[in-house]
Amino acid sequence: MSDLSTSGSPRAKPASSTRLLDALSRWGLVLTVIALIAIFGLASENFLNPYNLINILRSIAIITIIAIGVSISLSVGGLDLSVGSTASLANALVISLFAWYGFGTAAAIATTLALCLLVGAFNALLVIVLRIPDMLATLASLFVIQGIAMTYSYGGSITQGMTLPDGTLTEGRIPAAFSLLGQVPTIVLVMLGVTLAIQLGFSFTTHGRRMYAIGGNREAARLAGIATARYRALAYLLSALLAGLGGILLASRIGSSQVNAGAGYLMDAVAAAYIGFALAGGGRPNALGALLGAMILGILQNGLVMLSVPYYAMDIIKGAVLALALATTYAKRN
């Protein structure tokens, strides 16, 4: 008996620590979200107020949708850095279609999304036909689209009743139905709907598995008969489409078009998409992970503001918490 106990004990400890590391690796992001909610809930009496929690969901909706688009480009081994500029362009387009041309809600949204698809086609042209590395191609696209958006809006904001450069006043109005898109619960439902649809596409369709295969090893996927160019083009089209949707929701929230309004979403969306890699230990981009990544960023931003943390110190805390969350996830893998 003595021999058995002494020989069994050393084997038990590694098994237990391995299970703990495995659990942290798989669910570190979820635990981080729960821990942040608990910490800010204890530190601020108003943090767990239902209105504040709903406000957090509303604040992360646009970032989540744009981050899912970035995740789609990452799934095929690319990276779309033009999403912020595309959102800015969509923001300017949809408001101008109302204010300048008197479009209805459905027509303005459809036209804006169709034009944003041209951005995705332009990125696909640079990456697939001209064979420019994804990051460099979409970086160039970022500046081109940003310039187009600013030129189209005459370098300023677009509002209903504004004075055009020729001195005439616009007569179009932003429909009341459009304003509802950026409000709760519509904007939250749109975010959850996009997340569910893309996650199901990644997890349960042949197309999702093929995109992961291309991202894992493009040459092997090509030799296996997968149309890699077609799927990469599709990824950039979907990324641009979701960035356009983010810009439309932003326009609905603020009721106008502001210069480079979508640019501020780029880094948060990219961060959320990369954080999402860690969900469930998958090590690959996914929509649910992007949602959790955006939630971490949103909770941190909201909680730090409620605790009156100086704005110039927020990035330090946000970066430290993100590093800790990712350390729990990648500790076992490394």
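Buried means under 20% relative accessible area, exposed over 50%, and partly exposed in between. I put this cut-off first because the entry on N260 turns on it: N260 has a relative accessible area of 27% and is therefore partly exposed. The model I am reading is predicted.

**Entry 1. Overall make-up**

I looked up the secondary structure and found 13 helices and zero strands. From the N terminus on, the order of elements is accordingly α-α-α-α-α-α-α-α-α-α-α-α-α. For the extent of the protein I took the C-alpha trace, which spans about 95 × 60 × 30 Å along its principal axes. The protein has 334 residues, and 45% of them count as buried. I also checked contacts with a separation of 6 or more: 76% of them join residues 24 or more positions apart.

**Entry 2. Nonpolar core**

I next went to the largest nonpolar core, which has 85 residues. The residues with the most contacts inside this core are I68, V70, I72, V94, F178 and I296. Helix α2, residues 50-75, gives the core its largest share, twelve residues. I followed one of the well-connected residues, I72, outward. Not counting residues up to four places away in sequence, I72 touches I198, F202, M211, A235, L238 and L242.

**Entry 3. Helix α3 against α4**

I fitted the pair α3 and α4, the latter being residues 105-129. Their axes come within 9 Å and cross at roughly 150 degrees. Angles over 145 degrees count as roughly antiparallel, so α3 and α4 are roughly antiparallel to each other. The crossing of α3 past α4 is right-handed. On the α3 side I listed T86, L89, A90, L93, V94, L97 and F98, and on the α4 side T105, A108, T111, T112, L115, C116 and V119. By type, this contact holds ten nonpolar residues, four polar and no charged. V94 turns up in this contact and also among the residues with the most contacts inside the core.

**Entry 4. Helix α4 against α10**

I then took α4 with α10. Their axes are 8 Å apart and the packing angle is about 140 degrees. That value falls between the ranges for roughly perpendicular and roughly antiparallel, so α4 and α10 are oblique to each other. This crossing is right-handed. The α4 residues involved are I109, T112, L113, C116, L117, V119, G120, A121, N123, A124, V127 and I128. They meet A229, R232, A233, Y236, L237, A240, L241, G244, L245 and I248 in α10. The residues of this contact divide into 17 nonpolar, four polar and one charged. I noted that T112, C116 and V119 of α4 are listed both here and in the contact with α3.

**Entry 5. Three buried small residues**

I looked up S96, which lies in helix α3, residues 83-99. Its relative accessible area is 0%, so S96 is buried. Beyond its neighbours within four places in sequence, S96 is in contact with Y101, Y152 and I158.

G84 is in helix α3 as well. At 3% relative accessibility G84 counts as buried. With neighbours within four places left aside, G84 is in contact with G262, A263 and L266. I also took the C-alpha separation of G84 and I66, which is 8.2 Å for residues 18 apart along the chain.

S252 sits in helix α10, residues 228-254. Its relative accessibility is 7%, so S252 counts as buried. Leaving out neighbours within four places, S252 is in contact with F178, S179, L180, L181 and G182. F178 is one of the residues with the most contacts inside the largest nonpolar core.

**Entry 6. Backbone exceptions**

Most residues other than glycine have a negative phi, and most peptide bonds are trans. I looked for departures from this.

The peptide bond from V184 to P185 is cis, with omega near 10 degrees. P185 is placed in the loop between α6 (176-181) and α7 (186-204).

R131 is not a glycine, yet has a positive phi of about 60 degrees. R131 lies in the loop between α4 and α5 (134-152). With a relative accessible area of 71%, R131 is exposed.

N260 also has a positive phi, near 55 degrees, in a residue other than glycine. N260 lies in the loop between α10 and α11 (266-275). As noted at the start, N260 is partly exposed at 27%.

Notes
Residues numbered from 1 in each chain as written. Predicted model: local features only at pLDDT ≥ 70, side-chain atom pairs only at ≥ 80, totals over all residues. Heavy atoms only, no water. Helix = DSSP H or I, 4+ residues; strand = E, 2+ residues; numbered from the N terminus. Buried < 20%, exposed > 50% of the residue type's maximum accessible area, 1.4 Å probe, protein only. Contact = heavy atoms within 4.5 Å. Core = buried A, V, L, I, M, F, W, Y, C linked by side-chain atoms within 4.5 Å. Axes fitted to C-alpha atoms, helices over the stretch in contact; angles between N-to-C directions. Parallel < 35°, antiparallel > 145°, perpendicular 65-115°, else oblique. Left-handed = near helix turned anticlockwise from the far one by under 90°. Nonpolar A, V, L, I, M, F, W, Y, C, P; charged D, E, K, R; others polar.
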